[in-house]
Amino acid sequence: MIDVPSETGESIFRRALGADFDRLHPQLQRRFGVSTDGGYACVGRGVMRRVRRGPWWTVPFLQIGRLRNILVADVGEDVPFTVENYPYRDPLGRETVTFVREYRVPGRRRPSRFDATMVLDAGRGTVVDYLGTHQHLAVDLDLRVEPDGSLLLRSGAQRFYEGPFGFRFPMLFSGRATLRERYDDEAGVFRIDLEVRNRLFGFLFGYDGTFTCEYPEATTAPDRLRPVRHERRL
């Protein structure tokens, strides 16, 4: 573990939030301060108290997303998980941070995996979240710092890219995510809560849990965490 400076000046989250970044809890500043210039990664390990999904008719949404590690179709309680945030420069020269999560649901032989990589759209000051192994889905993120120093993240417009084709993904066939992450000083853990909802079908997927973090030295990401291809279009 290394002594991480309070500011790297290069974190995509610091650049997106501006002065509001300093209102985050110090532990969240450290967690979301990952950057190549900062020289460290963030690896979280913990337990999801619940991983849940909506009624049976939401399963097709989740199974389709599972094909490219875009959504998780499993459910369970007390599910061990990891989240790996590594910085690297992608082939297009963009500062990128991995958000790769693995869930080990009891009774399943293989872990479920959710892949995401994030970059900054400097022109709009927005973090763009590429979902899946092939960065097919690009999602705008609205980041806000709450009065208690927690981070509130809401997903916005979504765009689908495949080869030469690209189009705004209709939200009727997708979901909007709301994620809250905070640090519990008393328990010494990060707390996370996520819900994904579709405007017509309602609740699709969600989880809540706790985790702790380590900060290994890193200026790039291992190949196992990188997408199969990188999408140029934001």
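In this predicted model, Arg-45 and Glu-214 form a salt bridge in which the closest N and O atoms lie 3.5 Å apart. Because Arg-45 belongs to strand β1 (residues 42-53) and Glu-214 to strand β14 (residues 202-214), the pair ties together parts that are 169 residues apart in sequence. Arg-45 is partly exposed, its relative accessible area being 46%. Glu-214 is likewise partly exposed, at 45%.

This contact belongs to a wider set, for a search of the whole structure finds 20 salt bridges. Side chains of opposite charge can pair when their charged atoms come close. Another example is the bridge between Glu-102 and Arg-104, whose closest N and O atoms are 3.8 Å apart. Glu-102 counts as partly exposed, with a relative accessibility of 25%.

Attention may now turn to Arg-159 and Asp-140, which form a salt bridge with a closest N and O separation of 2.7 Å. Here too distant parts of the chain are linked: Arg-159 lies in strand β10 (residues 151-162) and Asp-140 in strand β9 (residues 137-145), 19 residues apart. Are these two residues buried or exposed? Both Arg-159 and Asp-140 are buried, which means that each has under 20% relative accessible area. The pair is also part of a network of salt bridges that links Asp-121, Arg-124, Asp-140 and Arg-159.

A further acidic residue, Asp-115, sits in the loop between β6 (112-114) and β7 (116-121). Asp-115 is buried, with a relative accessible area of 5%. The side chain of Asp-115 makes a polar contact, at 2.6 Å, with the side chain of Arg-113.

The pairing of strands completes this account. Strand β12 (residues 176-184) and strand β13 (residues 189-198) run antiparallel and are joined by 9 bridges. Within this pairing, Arg-176 has Arg-197 in β13 as its bridge partner. The hairpin of β12 and β13 has 4 residues between the strands, and Gly-188 there takes a positive phi near 70 degrees.

From β13 the chain proceeds to β14 through a hairpin of 3 residues. These two strands, β13 and β14, pair in the antiparallel sense over 9 bridges, and Asn-198 stands opposite Gly-202 in β14. Strand β14 returns the reader to the opening contact, since Glu-214 of β14 is tied to Arg-45 of β1.

Definitions and conventions
Residues are numbered from 1 along each chain as its sequence is written. This is a predicted model: local features need pLDDT of at least 70, side-chain atom pairs count only at pLDDT 80 or more; totals for chains, interfaces and linings use all residues. Side-chain values use heavy atoms; hydrogens and water are left out. A salt bridge is a side-chain nitrogen of Lys or Arg within 4 Å of a carboxyl oxygen of Asp or Glu. Buried means under 20% relative accessible area, exposed over 50%, partly exposed in between (1.4 Å probe, protein chains only). A polar contact is a pair of N or O atoms within 3.5 Å; within protein, one must be able to donate a hydrogen and the other to accept it, and residues adjacent in sequence count only if both atoms are side-chain atoms. Two strands pair if DSSP finds at least two bridges between them.
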